Amino acid sequence: MDNKIDAELATTTAGIHINTRKVWLADAIELLSSMRFAISLLVMIAIGAIIGTIVKQNEPIPNYINQFGPFWFEVFGKFSLYSVYSAWWFMLLVGILVVSTSLCIIRNTPKMLKDMRSWRENVREQSLRNFRHKAEWHSSGARSILTNGLTDHLARVGYRFKVVEKDGGTLIAAKQGAANKWGYIFAHSAIVIIVIGAMLDSEMPIHFQQWFMGKVPFDGNGIIANIPEKHRLPLANPTFRGNTMIPEGASSDTAIIPQQTGVFIQDLPFTIRLKKFTIDFYSTGMPKLFASDVEIIDHETGKSFSSTIKVNQPLIYKGIAVYQSSFEDGGSRLKLSAFPMTGAQQKPFEIAGEVGSTTALAGSISGQNNNDMTIEWSGFRPFNVENMARNGADVRAANAKQTFNEQFSTDLNKHLGSAGKNANNKDLKNVGPSVQYKLRDKTGQAREFSNYMQSTLVDGDYMFLAGTRDSPADQFRYLRIPADDNDSVNEWMRLRAAMNNPVLREAAAQRYAARAMSSSLPNAKQLQAQLAESAKKSLNIFVGDSKQAGFVAISHFLEQIPAADQAKAADVFMKILNGSMWDLWQLARAQDGLPELELDEKHARFLQLATGAMSDAYFYGAPVYLQLKNFEEVKASVLQVTRSPGKKVVYLGCLLLVLGVFSMFYIRERRLWIWLKDDGDGTAILMALSSQRKTLDFEKEFEQLKIQLGQIVNLGHA
């Protein structure tokens, strides 16, 4: 007996547990498929998308460290904010959205399809009388005749109907716009299809290969052909988006897929050989067309064919699309003159380089061997279209305390990259070639430079622009070297070297004193000696030391004078400095066997600009100035190579979304019931109309239908 009770108790308990699990599962499904849960998911996904829009995605890690600092870089990195759209939490949210929407479709679609097929003929007369939009008539005509007349009219105005005999009367159940339900089904299905298509084209397949196939990004340097298999993605990789840069005459059979910690090498089933890269320009110098003439060689068949890839005109072969992305330098060969920027040397030496490679800085400057320094050639541009319109005040309206970053330099935001902004065509000008490079010392520290080959008209004077910056995150700051009578930097380099020669400075001070002080004056020799000493001191202060030089040193010197006398002292100091600089320049020319120049307005202006440039040169941060002399350009095409199987899936989803939105907003479902019932001396007619959305159009339709059906009832009476 006890065993029987225990068995029944166990059975009852098991049933309770099963029912509890069923209730829990039903509640979970109810929550996942609810509207409030879907809206919450969409809000979180929208927040993630906003973050992904504000924070630049898949940038090099140093960029994020410079932008946010080490602490916040680590915090943001924990949440994968630098690659939001492939982050695990974002993909999880998207996956849950797919599940939620799918459950919603599974739950509601059968009900909707059933409702679309239903005529709702089980409605009761009393229920129809409770409708807001209803009308009643009485006719002496026969019920059958009235039924035929009413159904004929409903058919004419687009209603489908069903006639049902019930409760001693006739019910006409009609409907129109039942396809409105398809809008819900199409719109929700579109969300699922679009998300699935997007996930097919996402980096999920690459992440799966990292998790389960041991693939890891390559973070070193080397020849692509020699990179190990663990860093390469197979031909069967279902989706990828990478780039390949091909110089003219070269070929590539791989694409580079960038990752946060390196790159993956994607093998292609064919080789792309760039035969020729073409670029055309508008009259302003802006590119209007660039295209790649390529030859495709199939690895499987060995067959080849030629094609031209243009912007928005990709080559599609074997399910892989090759787009024209951009263009780069393919290893242009450069010849430059290296001018010393330190010491008393002025004679340049020749140097050659190739973009993308490195060159040892040969030669010796001021007794220092520069072989410990290397030049990394990072870029070359054969043309630079700039907006040369002058905006704002002259940056040289500055006090003597300002540094290279502020004084006698120009913020080339108004000269560089301005052609892409709003500018008149008359302001755009091609200012010629430029070269960009990094100068790296033996400790690994590097500074980046960008120099223009030709002189550029800046604020009414022709200047050679020499840019420098400490970090790629910084803007270039430009040293402006004035062009001499021969449109070169030779005279400025001669004056710079002379300024660093103590013997020439002494001689220039003596010459200036003799030229400025008349010998007929009393105590002329004593006055000349005092003036020579002042001139020598002014030159020495300007030359400065390792801590300060140029106008910064002059400013520091003037601060030691009482404030009431500073303005007068500064005026006298600059007059002596300018005069001494002129004599120093002429002595340097004489030393090189060149005739003395005439002291006119043109040369005085050059000397003024040269003095400012020498003050700035102390902040240039390089032992040499490299001036481009000749080049042999090699173009390279940057092609984007993609395999995107989800593209057509997304197109299908977009089509369904359009159809769904159209159906929901422009197709209105209406249900119409007409109840005809004999009442002894004729037929009583009750009409009711219902719609999901009560709009002005619905009110108008009801009034029209009421009038039309009333006329038919009256005709039946007649």
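I'll start at Gly-544, just after helix α11, where the backbone takes a positive phi of about 70°. This is a predicted model, so please hear every value as computed.

The helix before that glycine, α11, covers residues 524-543. Its 20 residues reach 28 Å from first C-alpha to last, close to the 28 Å expected at 1.5 Å a residue. Which residues of α11 are buried? They are Ala-524, Leu-531, Ala-532, Ala-535, Ser-538, Leu-539, Ile-541, Phe-542 and Val-543. That buried set packs against five helices: α9 (490-499), α10 (502-516), α12 (550-558), α13 (563-591) and α14 (601-617).

Next, the sheet. Five strands form an open sheet in the order β1-β29-β28-β3-β2, and the pairing is antiparallel. At the edges are β1 (134-139) and β2 (160-166), each of which pairs on one side only. From one strand to the next, the twist averages 15°. As a reminder, strands of a sheet pair through backbone hydrogen bonds. Here β2 pairs with β3, residues 169-176, over seven bridges, and Val-164 stands opposite Leu-171 in β3. Helix α6, residues 143-156, lies across β1, β2, β3, β28 and β29, and runs at about 165° to β28.

Now a lysine. Is Lys-181 buried or exposed? Lys-181 counts as buried because its relative accessibility is 9%, and the cut-off for buried is under 20%. Lys-181 is found in helix α7, residues 180-200. Leaving out residues up to four places away in sequence, Lys-181 touches Met-112, Asp-115, Met-116, Glu-669 and Gln-692.

On to the aromatics. The count comes to 31 aromatic pairs. One of them is Tyr-64 with Phe-68, stacked at 6.5 Å centre to centre with 5° between the planes. Both residues lie in helix α3 (61-78), four residues apart, about one turn of the helix. In an α-helix there are 3.6 residues a turn, so residues three or four places apart point the same way. Tyr-64 is buried at 1% relative accessibility, while Phe-68 is partly exposed at 24%.

A second stacked pair is Tyr-437 with Phe-449, at 5.4 Å and 20°. Tyr-437 is in strand β21 and Phe-449 in strand β22, twelve residues apart. Both of these residues are buried.

Back in the first region, ring pairs link Tyr-64, Phe-68, Phe-71, Trp-72, Phe-73, Phe-76 and Tyr-82 into a cluster.

Last, charges over rings. Lys-175 lies over the face of Trp-119, 4.3 Å from the ring centre. The charged end of Arg-469 sits over the ring of Phe-476, 4.1 Å from its centre.

Notes
Residues are numbered from 1 along each chain as its sequence is written. This is a predicted model: local features need pLDDT of at least 70, side-chain atom pairs count only at pLDDT 80 or more; totals for chains, interfaces and linings use all residues. Side-chain values use heavy atoms; hydrogens and water are left out. Helices (H or I, at least four residues) and strands (E, at least two) are DSSP runs, numbered from the N terminus. Buried means under 20% relative accessible area, exposed over 50%, partly exposed in between (1.4 Å probe, protein chains only). Contact means heavy atoms within 4.5 Å. Two strands pair if DSSP finds at least two bridges between them. Axes are lines fitted to C-alpha atoms, for helices over the stretch in contact, and angles run from 0 to 180 degrees between N-to-C directions. The expected span of a helix is 1.5 Å times one less than its number of residues. Rings of Phe, Tyr and Trp (its six-membered ring) pair if their centres lie within 6.5 Å; planes under 30 degrees apart count as stacked, over 60 as edge-to-face and the rest as tilted. A charge sits over a ring if NZ of Lys or CZ of Arg is within 6 Å of the ring centre and within 35 degrees of the ring normal.
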